[in-house]
4 protein chains.
Amino acid sequence: MVNVSIAGAAGYSGAELIKLLLRHPGVKIDKLFGHSTAGKRIDEVHPSLKSTLSKEIASFEAESLDGTDLLFVALPSGEAQSIVAEAFNKNVKVIDLGGDFRLKDVNIYKKYYKHEHSAPDLMQKAVYGLPEWNEAEIKNAKIIANPGCYPTSVLLPLIPLLKEKIVSPDFISINSYSGTSGAGKSVNLSMIFSEVNENVRAYKVGVHQHIPEIDLYLQKFGDKTPDFTFAPHLMPITRGIYTTIHCKTDSSTGFANVEEIYEKYYSDKPFVRFLGDQIPEIKNVVYTNFCDIGVAITGDNLIIMSVIDNLIKGAAGQAVQNMNLIFDYDQTTGLL
Amino acid sequence: MVNVSIAGAAGYSGAELIKLLLRHPGVKIDKLFGHSTAGKRIDEVHPSLKSTLSKEIASFEAESLDGTDLLFVALPSGEAQSIVAEAFNKNVKVIDLGGDFRLKDVNIYKKYYKHEHSAPDLMQKAVYGLPEWNEAEIKNAKIIANPGCYPTSVLLPLIPLLKEKIVSPDFISINSYSGTSGAGKSVNLSMIFSEVNENVRAYKVGVHQHIPEIDLYLQKFGDKTPDFTFAPHLMPITRGIYTTIHCKTDSSTGFANVEEIYEKYYSDKPFVRFLGDQIPEIKNVVYTNFCDIGVAITGDNLIIMSVIDNLIKGAAGQAVQNMNLIFDYDQTTGLL
Amino acid sequence: MVNVSIAGAAGYSGAELIKLLLRHPGVKIDKLFGHSTAGKRIDEVHPSLKSTLSKEIASFEAESLDGTDLLFVALPSGEAQSIVAEAFNKNVKVIDLGGDFRLKDVNIYKKYYKHEHSAPDLMQKAVYGLPEWNEAEIKNAKIIANPGCYPTSVLLPLIPLLKEKIVSPDFISINSYSGTSGAGKSVNLSMIFSEVNENVRAYKVGVHQHIPEIDLYLQKFGDKTPDFTFAPHLMPITRGIYTTIHCKTDSSTGFANVEEIYEKYYSDKPFVRFLGDQIPEIKNVVYTNFCDIGVAITGDNLIIMSVIDNLIKGAAGQAVQNMNLIFDYDQTTGLL
Amino acid sequence: MVNVSIAGAAGYSGAELIKLLLRHPGVKIDKLFGHSTAGKRIDEVHPSLKSTLSKEIASFEAESLDGTDLLFVALPSGEAQSIVAEAFNKNVKVIDLGGDFRLKDVNIYKKYYKHEHSAPDLMQKAVYGLPEWNEAEIKNAKIIANPGCYPTSVLLPLIPLLKEKIVSPDFISINSYSGTSGAGKSVNLSMIFSEVNENVRAYKVGVHQHIPEIDLYLQKFGDKTPDFTFAPHLMPITRGIYTTIHCKTDSSTGFANVEEIYEKYYSDKPFVRFLGDQIPEIKNVVYTNFCDIGVAITGDNLIIMSVIDNLIKGAAGQAVQNMNLIFDYDQTTGLL
């Protein structure tokens with residue numbers, strides 16, 4: 001039985017994490033930490049939990065971690081660093097669902113996240129928690145940087161094709177559409193229902209903080225840094241990311257080649273479903289840890305579509321998958 | 001006063017057309033034609049029209065066109081050809097909102113629309129009704145092929161950049177997201193609310209019938225046929241198209257160049273609003289005839305976003321704009 | 001030509017008002033006033049207005065009203081009182097879209113609106129702007145209290161039945177469902193998309209500030225104060241109110257009686273459409289000034305359904321209708 | 001281990017049922033039956049099931065039930081009768097999620113369901129599967145009539161108050177709002193996204209087939225047949241029912257009395273959560289088997305609000321709860 005605690009239990013990812021962990025046969029939820037919600041019961045903050053979990057949320061203190069084997073951190077980027085450092089010092093393993101430990105270069109971090117990083121040494125120690133490509137490192141990690149939602153939806157379809165040199169790295173265009181839960185509980189005019197409903201807008205085009213993350217891990221796992229553009233958009237659904245990637249291949253590449261490559265890398269990966277020439281749909285993956293991938297070839301152009309639930313495979317589900325690897329559970333435990 | 005009739009008054013574009021025409025000071029609505037709705041009153045079919053228009057819908061017959069100056073045809077592709085031919089023979093001008101008269105090559109038509117074209121000669125006579133680029137021809141046209149919704153959202157932002165050779169024609173990727181009204185009143189399982197809501201899916205990737213239309217008119221107005229990919233998607237809103245175009249420029253191109261080009265071509269065009277580096281949003285154009293365009297430059301990559309209301313600038317509004325040109329009204333009459 | 005100014009131009013009702021007034025042939029928009037938006041151009045605040053209106057928003061000052069014939073006030077309740085008083089003192093007519101001048105009793109006002117009323121004398125002078133029932137008073141009014149959105153949807157269907165004593169006043173239950181634009185641009189967690197989408201919740205059950213307004217005007221126009229319950233709900237659409245009223249009638253009442261009564265009172269009212277036993281739908285009234293009413297009789301129970309667009313018939317459209325009456329335009333001018 | 005089969009596996013309730021059963025530790029899914037989908041694999045029909053269940057759907061034949069302990073029937077009303085009869089004859093227990101076995105009077109059945117009932121004797125044998133009120137009968141039932149979604153949302157809040165005579169039976173008004181999944185996969189114009197989105201409409205007011213079901217079981221469990229009105233509405237969400245009930249109590253009744261009654265009947269019922277004076281929200285119960293109930297008292301009027309997920313507590317979840325009772329599992333097994 002693994003004793004886990006959660007910092008940032010009051011957010012949307014926190015709620016998903018709790019729901020997944022309550023179903024997990026090998027986990028006991030220990031402490032719940034929060035800032036502004038400290039003192040409240042978790043089922044006051046998330047009324048959907050009423051009569052399933054009623055623990056009180058506490059302010060984070062390192063000594064509260066006695067007895068905790070693993071700390072999940074589901075805090076906005078910038079708020080995780082000191083907590084992760086304290087947990088690390090107490091030898092508690094950490095899975096950080098935010099962006100603070102995914103990059104390796106503090107300058108790039110500062111450029112995209114707009115503040116200094118206070119724990120650059122831990123940044124180097126952190127292991128990127130993309131189980132399909134980094135399983136060995138994850139099993140031995142003390143700090144897991146759980147991948148961002150957009151990068152998960154981009155890396156899983158793109159790495160195999162880059163690695164096998166089947167697409168041109170000269171120009172890859174990536175379009176992603178996300179539901180609103182990706183923005184968490186941020187409260188501002190642009191996120192109220194009347195502004196989001198029946199509307200679509202791109203945002204942070206070319207400057208989104210997931211760009212260097214995509215860049216770094218395409219290079220690490222795909223052996224290549226392509227020249228890519230990334231345009232994220234907000235759309236009026238609550239959950240889900242739809243990513244459409246356009247790239248060039250050479251004229252001799254056919255569907256069979258693409259299929260073979262995906263089979264090679266993913267046939268034994270339980271959470272990646274290659275659909276062939278069928279079109280992925282968000283409705284087939286919401287509330288699951290699956291990433292569905294489909295492709296279309298037209299001439300020497302390849303269009304790849306992938307979908308995930310941003311709160312599950314893009315956050316809490318992938319975090320549980322990483323936990324399973326660390327504690328030697330089957331990686332699907334509690335996730336199917 | 002222009003006497004207009006409408007074939008296909010029972011669809012969504014038909015309803016929009018009627019609402020725009022009722023507000024137009026120089027138009028009198030004459031006949032309304034329909035197949036399955038013949039015999040019903042128009043306000044039974046579109047209850048929102050109750051107490052504003054209660055004409056009866058009739059089956060189309062050529063002789064009913066006596067007294068009609070202009071026939072709008074808002075029928076599914078394939079159903080317009082015989083009606084357009086009959087109107088043409090009676091010297092009634094036609095604006096066809098469907099896809100039957102936009103292409104020039106019957107073989108390409110057949111490949112994408114999946115049936116033979118029965119009036120190939122009229123196909124040649126038809127004038128493409130994109131007012132911002134084809135005004136002179138439109139003014140003298142007898143048959144207007146009103147542009148498709150996706151092509152409108154693609155051509156308006158892309159033509160100026162191609163024409164000025166500021167983007168590389170070697171690889172342009174186009175992603176479009178459309179609301180459901182673009183599919184008209186087609187009734188099938190994939191369009192019911194439970195299947196569309198909280199979902200997104202691409203469709204007809206690489207094989208959509210708007211691909212040859214985009215191709216033909218980029219060439220005609222942009223002087224260049226680029227190699228492009230086009231991925232249309234369905235998303236859970238009723239009205240609006242969001243198009244995001246990724247392309248390469250050379251490293252010397254800056255925002256100022258792009259801005260200058262759009263100013264050059266569109267500063268005197270009342271329905272194109274160049275937003276500069278501001279992000280377009282669908283909510284700013286719904287129920288209007290505007291196309292909003294914004295751009296982002298990152299390195300030597302250029303990302304262009306455009307939005308329209310698919311039923312207005314992408315259908316009924318553009319049709320009224322064309323009517324205004326033909327009958328010498330200011331092109332904005334009834335549209336602001 | 002009527003010169004109008006608007007205080008509170010930056011809100012949703014303000015935007016609708018501007019759009020309606022731009023289309024009105026007898027109106028010139030003079031000044032736009034705002035607090036936090038002062039100094040900005042109106043098309044920065046409402047980008048949909050770009051290239052149609054670009055006036056600058058100013059802080060309200062009474063002297064700016066020179067030349068203004070009519071001031072629309074679209075401010076949150078509590079913020080209108082001093083502005084209305086200043087306009088009144090300068091002999092400028094006022095239509096207040098908020099709740100500050102609808103009630104007649106300062107104690108009831110305080111109980112429901114939670115603050116003191118600073119202009120109780122003007123409260124008495126204000127005329128309730130429900131054109132279908134108060135036309136004569138409206139024509140001579142200096143201050144119009146434009147009805148609330150919920151009360152409009154309740155009073156129009158209920159007054160005729162009460163007045164004709166066809167329903168029992170002992171127990172009438174009223175359920176209303178509103179889109180989110182009714183809450184204006186209020187920014188709080190409960191209004192963000194992720195909290196509202198795929199959700200429904202009742203709110204302020206039994207304590208909503210529209211309860212005394214409904215009570216007062218049922219009495220004034222329906223000659224009877226019934227015992228009624230009112231449960232407002234928030235639902236995930238942007239525009240529209242759906243009101244369903246259950247009441248008792250006696251067993252001799254049939255559909256014909258009900259129909260006759262609605263015909264009697266509304267056949268000459270251009271914005272009330274009685275649908276008989278057909279079911280009203282929000283989609284038929286959005287973006288219009290219509291109120292659609294339908295009824296169902298089961299045994300001696302009568303169920304009445306009404307729909308309006310909360311921003312038009314429930315706010316800006318009804319305000320323009322009142323303006324038309326005051327300045328002797330046909331009441332439909334600019335509204336059809 | 002219970003062997004279960006499902007007739008009607010291709011619908012929305014069928015999909016939910018499969019997902020719940022796959023998680024249930026004491027169940028093995030045996031056969032899947034369907035009409036038009038016979039011959040397809042279940043994960044072709046429900047792509048979300050890909051890589052979790054890939055059984056083939058077969059045409060129903062009684063002999064295929066050898067080895068099946070329990071047959072779930074999730075077919076449209078009218079299609080279940082012969083299948084239930086065949087299963088009954090083979091001594092296979094049945095839980096019917098449709099409306100064919102909920103009523104006891106064939107004439108009332110015919111009046112509301114518009115066709116004859118072919119198994120009136122089994123209708124008498126069937127036990128109404130509302131576990132909170134009928135547990136003893138359910139445990140010994142051979143045929144369970146699983147309650148309708150609306151009745152579940154009405155009976156749970158109303159029975160205790162009627163039984164304790166705290167509300168007047170003379171006039172109770174019931175308003176329900178349902179998501180679209182309640183209509184199943186019915187394909188017609190009124191259910192396509194463009195017609196449902198941004199819209200609300202009442203339907204079958206006073207004639208809905210759930211009216212006699214509510215009537216019958218208020219009488220059976222609440223000891224009283226009140227005079228009630230029922231107005232169901234369709235709203236633009238996929239899952240969830242919001243029911244708001246208005247009734248009269250006498251002036252001595254206070255919140256404490258109401259609370260005490262709900263505590264008395266539901267404190268030991270795991271799936272009913274009484275929220276006191278807090279407002280229920282659909283988002284807190286979707287994807288769960290909970291029914292949340294909240295109340296507001298104003299004067300001598302009582303307003304009760306309840307919410308369920310129509311596909312879970314209103315269909316598949318309640319069916320699993322009933323299965324648990326029949327086969328002596330804890331009733332929450334697989335449902336928390």
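Which side chains meet in a salt bridge at 2.4 Å, N to O? They are those of A:Asp227 and B:Lys248, where a salt bridge is a side-chain nitrogen of Lys or Arg within 4 Å of a carboxyl oxygen of Asp or Glu.

The structure is a predicted model, in which local features need pLDDT of at least 70, side-chain atom pairs count only at pLDDT 80 or more, and totals for chains, interfaces and linings use all residues. Residues are numbered from 1 along each chain as its sequence is written, chains are lettered from A in the order in which they are written, and side-chain values use heavy atoms, with hydrogens and water left out.

The pair formed by A:Asp227 and B:Lys248 introduces the interface of chain B and chain A. The rule finds 6 salt bridges across that interface. It also finds 25 residue pairs in polar contact, both residues being at pLDDT 80 or more. A polar contact is a pair of N or O atoms within 3.5 Å; within protein, one must be able to donate a hydrogen and the other to accept it, and residues adjacent in sequence count only if both atoms are side-chain atoms. On the side of chain B that touches chain A, the elements that give two or more residues are β8 (172-178), β9 (201-202), β10 (228-234), β11 (241-248), β13 (291-298) and β14 (301-308) of chain B. Strands here are DSSP runs (E, at least two residues), numbered from the N terminus. The residues of this side divide into 20 nonpolar, 11 polar and 10 charged; Ala, Val, Leu, Ile, Met, Phe, Trp, Tyr, Cys and Pro count as nonpolar, Asp, Glu, Lys and Arg as charged, and the others, Gly among them, as polar.

The size of an interface is often given as the accessible area lost when the parts come together. Chain B and chain A bury about 3300 Å² between them, 62% of it on carbon and sulfur atoms; buried area is the accessible area (1.4 Å probe) that two parts lose on being put together, summed over both. B:Phe171, B:Glu198 and B:His246 supply 18% of the area that chain B buries against chain A, more than any other three residues. The contact (heavy atoms within 4.5 Å) takes 41 residues from each of these two chains.

How are the two copies related? A rotation of 180° with 0.0 Å of shift along its axis superposes chain B on chain A, with an RMSD of 0.0 Å. That is the relation of a two-fold axis. The same surface serves both copies, since 100% of the contact residues of chain B recur in chain A. Copies are superposed by least squares on the C-alpha atoms of residues with pLDDT of at least 70 in both.

A:Ile282 lies in the loop between β12 (272-274) and β13 (291-298) of chain A. This residue is buried, with a relative accessible area of 0%; buried means under 20% (1.4 Å probe, protein chains only). Beyond its neighbours within four places in sequence, A:Ile282 contacts residues including A:Met235, A:Tyr242, A:Val307, B:Glu198 and B:Val200.

Chains C and D form another interface. About 3300 Å² is buried between chain C and chain D, of which carbon and sulfur atoms give 62%. The count between these chains is 6 salt bridges, and one joins the side chains of C:Lys283 and D:Glu195 (3.2 Å, N to O). A turn of 180° and a shift of 0.0 Å along the axis lay chain C on chain D with an RMSD of 0.0 Å.

Note on methods
Helix = DSSP H or I, 4+ residues; strand = E, 2+ residues; numbered from the N terminus. Buried < 20%, exposed > 50% of the residue type's maximum accessible area, 1.4 Å probe, protein only.
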